[in-house]
Each structure stands twice: as structure tokens, then as C-alpha cells.
Amino acid sequence: MSGLMFFAIVLIGLLIGAYVFRLGGQAVTGNAPKFRDMSFGEAFGFVFGAALLVWALYYYFQPKVLDTGVPNAGVVFFRWAVQGFIIAAIAAFVFRFLGRMVGTEGTKKLFRSMPLTAAFGILVIIIYAVVAVFAGVIAPYGQAEILGAANVMAGGDPALGGNPDYPLGTDQIGRDILSRLIFGAQNTVGIAFITTCLAFFIGGSLGFLAATLQGWLDQLLSRGVDVLMAIPSLIFALLLMTIASVWANELGIPLTIFMVLIIAVIDSTRVYRLARAVGLNIVVMDYIEAAKLRGEGLGYLVFKEILPNAMAPLLAEFGLRFCFVFLTIAALSFLGVGIQPPLADWGTMVRDLAPFINFAAFAPTAAVTPLLAAGAIALLTVAVNFVVDWMLHKSSGLKE
Amino acid sequence: MSRLLTIKGLKIEGRSDETWNPIINGVDLELNKGEVLGLIGESGAGKSTIGLASMGYTRDGVRISDGTVEFDGIDLVKASAATKRSLLGKRIAYVAQSAAASFNPAHKLIDQHTEGPTQHNVAGRSESVQDGIELYRKLRLPNPDEIGFRYPHQVSGGQLQRAMTAMAMSCRPDLIIFDEPTTALDVTTQIEVLAAIREIVEEFDTAAIYITHDLAVVAQMADKIKVLLRGDEVEEADTRTMLSAPKEDYTKSLWAVREFQRPQQPSPPADATPVVSVRNITAAYGTTDVLHDVSFDIHAGRTVAVVGESGSGKSTTARCITGLLPPRMGEIAFDGKVLPADYRKRTKDQLRQAQMIYQMADTALNPRKTIGEIIGRPVQFYGGLTGAKRRERVNELLDQIELEPSQYYNRLPSELSGGQKQRVGIARALAADPKFIICDEVTSALDQLVAEGILRLLADLQDNLGLSYMFITHDLATVKSIADEVVVMKDGKVVEQGPKTEMFTPPHHAYTDLLLSSVPEMDPDWLSDLLKERGVDNIGDAAVDKM
Amino acid sequence: MFVVSIVIFVAVNLLPGDFAEAILGQGATPESVAKIRQDLGLDQPMVVRYFDWLVGMLTFDLGTSFAQLNFANFGGAGSVTVAEQIAPRLSNTMFLATVTACIAVPLAVTLGILAALYRNTAFDKAANMFTLSSISSPEFFMAYILILFLAVLNPIFPSLSNIFEGMPFSERLEKSMLPALTLTLVVTAHMMRMTRAAIINLLASPYIEMARLKGLSPMRVIVKHALPNALAPIINVIALNLAYLITGVVVVEVVFVYPGIGQLFVDSVKIRDIPVVQACCLIFAAAYILLNLTADILSIVSNPRLRHPK
């Protein structure tokens, strides 16, 4: 009950605060238009935001360790989050600043119009790409290498069960988590990338073909895609993976290859839809009609007239599809049917390391390990989404 | 006369690419009670922006940076949102260009009509329903008692436009802003909307700002006219003075557009084979016939204008000729030889002979290709020229369309103005070295001055190259200036055809007559005279329905 | 649409049919394989099997679980039908989905409308970043973050949702709170972004400008002019996201060990229990199609153009 009481008091306080804020604003600024036309909801929003900020500051400066000697994990995590956010913002800012200084006139111009979120996204994507490509060089140990000590805590502090050799600790059978994280970039990102490319190749070419030719081919493909899309993709993927796992056993082909194919096919239906829609929009343009009436062949129409105009939406879609594929693979691996051990993979790692989370209250650093792998997935998808968001915004803005 | 609206030094800026660029650079405007001001200018002149600003309103991404807009002593620029709300709809009302988009699709017309009076406490609901019906009757809407109880999509465009005028009148405002209210309408519909607006504005002695790009329309509606060019005022004078004695060069040039007349080409010998001969075409989309037994000939070196309102089948005829829509019956002959109905079955040479220029240059040119590539492709495709020879031919074509080759060869269409794009479209057609070109409303998306240039260019090319044109248009002024022969279409049928000289002298077919008489003229008395002559019930849709 | 659903029956059924023998072959003697094949009717042609199954499906007889049957054959007690296995799980999942929808829908729609009204303000940008992040994160990431903060650090809710039949409603609600919150986070983000886009699209339309120029109050513009037209896109958004829930539910149920149909599905996939996998898959697909269909129908119904034909 006290919780509810507290909540009500805060709410009333905020409401009064909002009223005072607006009234005060009007008085101080001599009834400037901003305060004069402000709705009560808006004033409430401002006051609420301010209250949130004050609370965050207060919480941030709470002591790290409670009087009882137990670490105040909530504060620790909160500080990490805030610090991480600030560091990310600074990194993005510096990156954008550099981008504006260095490079050709074209890239400079691109960076000038770039919001900070997009700069952050690009930076993260570059880092991931570098880590993925050079995983073998960067990682201190091999991904399947079983080292002496199992269950070493993260943080590298021997007093807390850590080991400086393994900064992020080791897992249940003694593999270095940091190395596995780095190799995970190679495996998870690489496989997702290949899958997306494959999906685009299949879906894109069929989609454009359907849009250009129309007629029975279009009907056939579109109905087929309708059927495939009527089944939720993760469910469908799981079902097919069950089948594939049997085949993989019999044929001796790694399950991962089946997974790539299955997800590529499922995802190509979405790409097909988009490619067809974009294609149809372009096909009705008069310049396509002019080319058709000129007697141009199909190849010229698709590659010279349609494709260059479809690039922008397709590129944005590539980003979104990549995220989706990436998350699907991660989910499959998390459920235990995706990328198979001993390959390091973030989804699998989260599942394996999940029990560590229960130590959070005593050893904040230990609880982080499973979240690191999950966070690595989230960070990349967030980054890609930021960039795609910006691209879509830009292309829609150009039209106006 | 007392002053109603005073705008002083109005400056408006628009936001693009993160910076504020000026749209209006300091315009003054004065309007007395009961006076109608015509705001005229080409696209991008800032007419609508001023119209909205005189209501103290700006669209998103636009702001008033300086100046005052004083309505009856209240500065709308500085007024609070609440003050503005109490004026808008009640004392200042707005009639938008597209009535179909400006009526809320979810409510009945009458509910939207009564919203103003009830919200501003001018009248009760039942009272304003009665008033609405009365207004509908005054505006001569069919079934005034019932039409208000329909949803917007159930009412035609011309009727919606009048219903919107009625809605603007619902609180008997002192000032109405008309923002191109008839631009989207056909000429025969336009005339009855014009008549209705003028009548009701006079009856209630309402002041109005009438925004349009059509000089002849504004001549009927306005007491005085202000000419705008790129956010600046060019000149202002009362209507008669402005029409008879414009001062500024720009205004004069606008007037001069209407005077371009291409001399009539000599008639072909009676036994000449026509370049294109359309023989008894009937065509259908799906199962409904949209063309019925259409026939006409186009002779070498001549221009045939195909005229009609939207939905009359002009463009469908063009699609039949090009082979995009194979006709259900009838045939197309080229130089006396029958062409295959489907374009895919025609030979490369047959395709080359007939070219097309499109209405929207924006969609007719591939935005990802340079001008050189766009024109060079048919040169290479048909003429087989490559490398330097191709370049040479493209330069020659660019010269023909009066664009400097070295400057435009590597540009993208988005870097060109509307008129320049249309010229590139012409060059692409010429590159095939055709005998016959279909021009589909090539000037209707362009400002008058630019359109004039395109027409002159087409006429010159015809003289030099002996081309035949099929000129599709809804604009009779264009027909007058360029056509040798005219084909009038309505509902997929040819109503009348013949040489231009015959077509523009009476007696006409009744529909041709209606079409011709509905085109506004520059004479300010034209509408009054016409109404006197024909009677209010014999114009527009009412007259069409009688046929 | 109905044609599509029939084709799915075929697709779902035919695919696993190919390898049924392979599964039975695992860890069973040749004689028992033959016996089981006979028991299950696997020796009959595929078409016959398909129609048997289809008829069974329509009469809610989902067949017998392979796993349970195997167990029974090798000395276990009695077999359990798929229907018996799925029924309680399904009701659990429905419960979870309902709780989620009750929290997510009002929250997302309100936030979406607010973000659209105050677009390009700090609130909108913060909301944009937050929703983008939660869309991008895998469901299990959100789940563990919530476990970390709401179960481990501040023990408000239990991290394992071991609900069972006969549990009082309040306790049940409390136990399913964390999975529901996780799903809410994911779905809300989607729904809010789509709502925002729909409303912004709407606010740009000329009739909203007209309503403003009639001097109506902002509240009236929204309620009277924007909302009736926004209903169709918002309903569409809600239905689509509920359909999306289906995918999310699988992962979330696994994380929280919630005894729902998603958990059953994954378990069955792991032990390759075909009838159960088939049945689950079909239920998911049916729900998905049904929701999409509802979205289509509702958006047609709420379109005044179609409601009041010329």
C-alpha cells in the first residue's frame, strides 16, 4: 500500500509542479508565445522529464557499496550504463568529426548531414566487421580451446574468483569467454551476413522478374510466397530445422549449412515482396514504358532501368533483413538448434552462461558475462537499425 | 470602405537541408471589406504560402520570420493560439485546392459543415443544418436537401468544391481564402464552380483572396490583381487596368503567351496516304469498353490535336496507337500498312517510326541516368552509333532542343528545370529519327511561359524535320495555337473532327460548343456575359447531363 | 486466404512425412519399428495419412505423441494424446498473451500518439531511441535484463514461472509477470513505432489542416478528425503485433521455463516428436493467419469508403 501512496504523492507533486512551471514561465518571460500556448500535458512532460533527471543524478551518486559491505549492484549497473552511454556518444561524436575532416568531398558532405545515432551505428558496424575479419588475430585463445580452469569469474580479480589471464572468465568447461565472444562475431555475424546475401539473391531476382514480366509467373510466385509467409518465420524455421537435423545426420552435412539455406529461403519471401513492390512502382514509370516501346530486352529493363532506381530501398531493406536474420539465428542457437558447438556463437553462449546471472547481487561483474553476449547481439542490431533509420529518413526527405 | 486585412513586410522562410531559406521576401497586401483580390503567379511564386499566412497559419517547416498580418486590428503573427482559433473558421475561412482530400472521409458533409458554427457558438446544430441546406441550394448543388448527408467520397469533385465553399460560408466570415479551388477540375465543371463562388461572395459581401495561376479565371473573380514572382510582388492594379495595360515586363510576358499562333499548314492532297491512320478502334480495359469506334488520320507534317476532358479516352487512344493496349476491334495503319496490334510484335523499325513524349517529365526520364545516356541510348539502339559518333549525334540533338551540350551532357534529370526536362524528353524522341510523335499533355504540367517555349520548339522541329504530331491535350488555348486539325472526344467516342479553322467557327456540335464556351477568356465580363447568354442552368455538368 | 490456409495444412504435413521413419529408426529394434509403423499408420500412402490427419485435426483429435507412445511401448504406463498434452499448455500461453496484450496495447497506442503529436521533441527522440533499441535486442536479452533487475537485484517477481493448474489467479498473474513484461517491451516498441508512423501520416493530410483552419481546438482535431481515420491503421498495427507475439512467445517461454505451448514446441523439436511439432506448428500458423485476417477485415470494416458505397 505504501508503494501506491508514494506513487500517488509523486504524481500529485508532479501535477502541481507542472502547473507552477507553466504559470512561472508565463510570468518570468512576460507571456512569451512558448509558455502562453503551452498545453498542460506539455508542461507536465517537461516537469516529469526534469524529475526523472534529478532522480537519475541522485541515484548515480549513491555509494557503490552498501554499509553492510555488500556491493550495491543496482548502482554499479546504473553507473556502467550511464558511462557506457556517454562513452558511446563521445566516440560517435569524434568519429563524425573525423569523418567531416578526412576523406573526399562526397563523404565529408555525407558526414555533415549525419545524426549522431547514425554515426554511432556506422562506427559500431566497422568495429564489428574488423573484429569478425581478424578474430583469429585478436582473440587470446582458440574458440574451442579448453583451458585449465572452469567457471572462472569475470573481472580478473583473484579475490573474487577471477584470473587476470581470463579477463572475462571462463565457462563451465573452461573455455575463455573473451575469445569466444570475439570468435562469435566471426561465426554469428558472418553466417548471418551470408544468409542475408543469399536471401537477397533469391528474393530480389525473383521479385524483379515478377514485377517486370507479371502475368502467370508473378501470380505463381506471389501465391507461393503468400503461403510461406502465412507461417510465422521462427516457428517455420524451427520446424524445418527439425527435419534438417535428421538429414544432416544421415548425409553428414553440417547442420549450419541447412540453417543458412532454411533461413535464407524463409527470408527471401520478405525480400521478394519488397523487390516486387518496388519493382512494380518503377515499372509503371513512363521511362520504363519508353524503354519497352523502344523494343529493349528484359535484361536491359531489369539491370539498366529498374535496378539502379531500386537500390536505395533495397539497401535499407538489406540492413533490416540482416538484423532479422541475425536475431533469428541467435534465437535458434539460444533454443539449441542453431549454430552447433564447438563453434562459438553468441546465442548459445547466452544459454550456457545464463545461470551466472543469479550472482548479480553479490558480484555484479559475474552477472555480466551472459549479458555481454546478448548485449553484443543487441548492439549490432541497434547500430544497423540506427543507420537504416537514417537512410530511410534521408531518402524520404529528398523526395519532398 | 473600411480596411479588413493589412499585411506589411511579410517575410516567410522554409526549412530544407537544415537551413532556413526565404520563400517570401517582404510582401505588402491590403484588402478592404467586400473586396476580392486575385493573387497570381507561377508555381513557386509563394501564392499559397501568403494565402495561409494571411490566416496566421504556416505549414510544418515554414515560419513567418518578419512582418505583420493585421486582421481587423489584430496582429495574427503575434496573436496567441487561442485568439487565432477564435478567428479561424468564424471570421476567416479557407477553401482548399483539393476538396476531395480536404473533407474528412469519416464524416458526412453536413456534420463537417455544422462543426464551425457549433464550435464557435454562432448557431446551434439544427439551425446550421438548415443554413447548410440553404447554402447548398444557393450554390446550386443537386438535391440540396440530401447531399449533405452523404460522405465525401460519394460526391463528385465539382460538387465537393462547392460544398467546401458552403462550409467556408457557414459562419458568414469576413474573409475567405480560395486556394486554387478550380485547378483540379475540368473546364466544364470549373465554370459552374466559378459562377457559384462569385455569386455567393457577392451576395454576402465577403472579402476574398483568390489564388490561382490562371489569368482568365482571376479576371472573372477579382476586383484587383497582384502578380507574384518567386516571393516578390511584381505589380498590383485593379483588374481592368491590369488586363489592358500591364506595366512590368514580366506581367506583359504572361499576357503575351496567349498570342502564340502557328500558321495553319496547307491541307494535304486528297489522295495522300496518311502517316498514321486510326481505323474504327474499340478498346477495353478488362471487360468494359473505354473506346468506341474511334477513327482519324494524321498526315505528314501536320498536327492533330485530340481534345477532351478527363476520362474521354484521349490517352487510351495513344496507348492503342503505340501498341501498349491492343484494341479489341479495328486497326492502326502506318504509311498505309497495318501495324501489329501488340508492340512486342512490331519490328524495331516500326517502333522507331512512332515516338512518344510524356506529360510528366519527372517520371519519363530515368532519374539515375545522365542526359547523355538518356538521349544516347536510342541513338545507339536504333542508329547503331557508338563512341564519338554517338556523342556527336547527342550533341546535335541537344543543340536542336536548345540546351548547351557541354553543359548538360553529364547532368542528371533532377538537376534540370521542368521545361528543360521536357526538352530532353523531346530529344529522346528525336533521337530515334521518327516520322510521328505522340505528345501526351506535354505542356500541362508546365508554367505558361515555359509551355510556350516548348510549343515553339515543337513547331520549329516540325518545320525542319517534317514531323507529324498527335497532340493530346485538354487545354483549348494550346489547341488554338498549334493544331492543324482537331478531334474532340467524349466518353471514348469522337464527337467531332475537322480542320482547326472549321472547328473554331460556329456552328459546332453541341458538346464542342460547350467545351469552347467554357474556357475562360481574359475579358473580365466574360463570365457575366456567358451567364446572361446561357442562363445559370445551362453551364457545366448540368449542361453536359442534358446532352 | 482460405486457399492459403489449406495449402499450409498440406505443407506442414507433407514436409515431416518424408523422414518419419528416420526418427523411429533411432534407438529401436527393427521389429518395434515395424510395429510402430503399423500402429501409427505410417505404412499407408502419404495422401491417406494426410487426410486421416486432416480429419482428425478438424475433430480435435491431434493424434498420439510419438514420445509418449515410445515410452508406452517400452514398458511405460498408457499413452497420452497430443491434444491432452497441448490443451493445458495452450491455455497457459493464451493467458500469457492476454496479460501482455492488456498491458502493451493501451501503453503502445498512447505512447505512439504522444510521440506523433510531439514529434521531433526530446520526448519523441528518446522514445525513438528506446524503442529502436528494444526492437533490435533479442527477446532473451530483454528477458535476462528484466530478470537481473526485477528478480535478482530487487526480488519483486519470481524469475521462474512454474505455474500449474488450480493456482489462484493473483499468484498466477504474479508468476507470469516477468515473461509478460518482456513480451510487452518487445511488442510495445513495435506497436508504438507503427502507431506513430500511422498518426504522423494522418496528421499530414489536408483534412487535418482544414480542421485546424476551421479554428477547432487541438483536442477536437485529434478526437473528431484524426481518431476515426486512425482507427483502421491502429487496429491493423495491433493485430499485426499480436501475430508477432507468437514468435516472441517461444523464446520467452523457454527463458522463464513457462509451461506454455512454445516451451512444448521447442522440447518436441529437440526430441523430434513429430505429431506434437506438427500440431504446435499448426496452432501457431492458425493463430497467425487468424490475426492477420482479422487485421484485414477490421481495416476494411473501418474504412468509410467501403462502409458507405456510392
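# Reading hairpins, sheets, helices and chain contacts

Visitor: Let's start small. In the hairpin of S14(B) and S15(B), which residue takes a positive phi?

Guide: That's Asp335(B), with a phi near 50 degrees, in a hairpin that has two residues between the strands. Before we go on, a word on what you're looking at: this is a predicted model, where local features need pLDDT of at least 70, side-chain atom pairs count only at pLDDT 80 or more, and totals for chains, interfaces and linings use all residues. Residues are numbered from 1 along each chain as its sequence is written, while chains are lettered from A and ligands numbered from 1 in the order in which they are written.

Visitor: And how do S14(B) and S15(B) pair?

Guide: Pairing here asks for at least two bridges found by DSSP between two strands. The strands themselves are DSSP runs (E, at least two residues), just as helices are (H or I, at least four), numbered from the N terminus. S14(B) and strand S15 (residues 337-338) of chain B are antiparallel, with two bridges; Ala333(B) has Val338(B) as its bridge partner in S15(B). S14(B), residues 329-334, also runs antiparallel to strand S11 (residues 276-285) of chain B, joined by five bridges. There, Thr282(B) sits opposite Met329(B).

Visitor: What's the general idea about side chains in a strand?

Guide: In a regular strand they alternate between the two faces of the sheet.

Visitor: Now whole sheets. In what order do the four strands of the open sheet in chain B come?

Guide: Read across it: S2-S1-S4-S5, with antiparallel pairing. At the edges are strand S2 (19-32) and strand S5 (74-75), each pairing on one side only. Strand S1 (residues 3-16) of chain B pairs with S2(B) over 11 bridges, antiparallel, and one of the partnerships to look up is Gly14(B) with Asn21(B) in S2(B).

Visitor: And the open sheet of six strands, what is its pairing?

Guide: Mixed, in the order S6-S7-S8-S3-S9-S10 (chain B). Its edge strands are S6 (92-95) and S10 (232-238). From one strand to the next, the twist averages 15 degrees. S6(B) and strand S7 (residues 175-179) of chain B are a parallel pair with four bridges; look for Val95(B) opposite Phe178(B).

Visitor: Over to helices. How do you describe two packed ones?

Guide: By the angle between their axes and the distance between the axes. Each axis is a line fitted to C-alpha atoms over the stretch in contact, and angles run from 0 to 180 degrees between N-to-C directions. In chain A, helix H8 (residues 177-213) packs on helix H13 (residues 298-335) at about 145 degrees, with the axes 8 Å apart.

Visitor: Which residues meet there?

Guide: Contact takes C-beta atoms, placed from the backbone, within 7 Å. From H8(A) the residues include Phe193(A), Phe200(A) and Phe208(A), and from H13(A) they include Phe318(A), Arg321(A) and Phe322(A). By class, the contact has 17 nonpolar, five polar and one charged residues. Nonpolar covers Ala, Val, Leu, Ile, Met, Phe, Trp, Tyr, Cys and Pro; Asp, Glu, Lys and Arg are charged; the others, Gly among them, are polar.

Visitor: Let's zoom out. Which domains does chain B have?

Guide: Domain bounds come from an automatic or database domain assignment. For chain B it gives domain 1 (3-255) and domain 2 (276-505). Their centres, taken over C-alpha atoms, are 37 Å apart. Six residues of domain 1 are in contact with five of domain 2; the domain 1 side has one nonpolar, three polar and two charged residues. Chain A is assigned domain 1 (2-55), domain 2 (75-114) and domain 3 (177-399).

Visitor: Last one: how many residues of chain B are in contact with chain C?

Guide: 24, and they touch 17 residues of chain C. On the chain B side, helices H2 (81-87), H3 (99-102) and H4 (109-119) each supply at least two residues. By class, that side has 11 nonpolar, 10 polar and three charged residues.

How values were computed. Contact = placed C-beta atoms within 7 Å.
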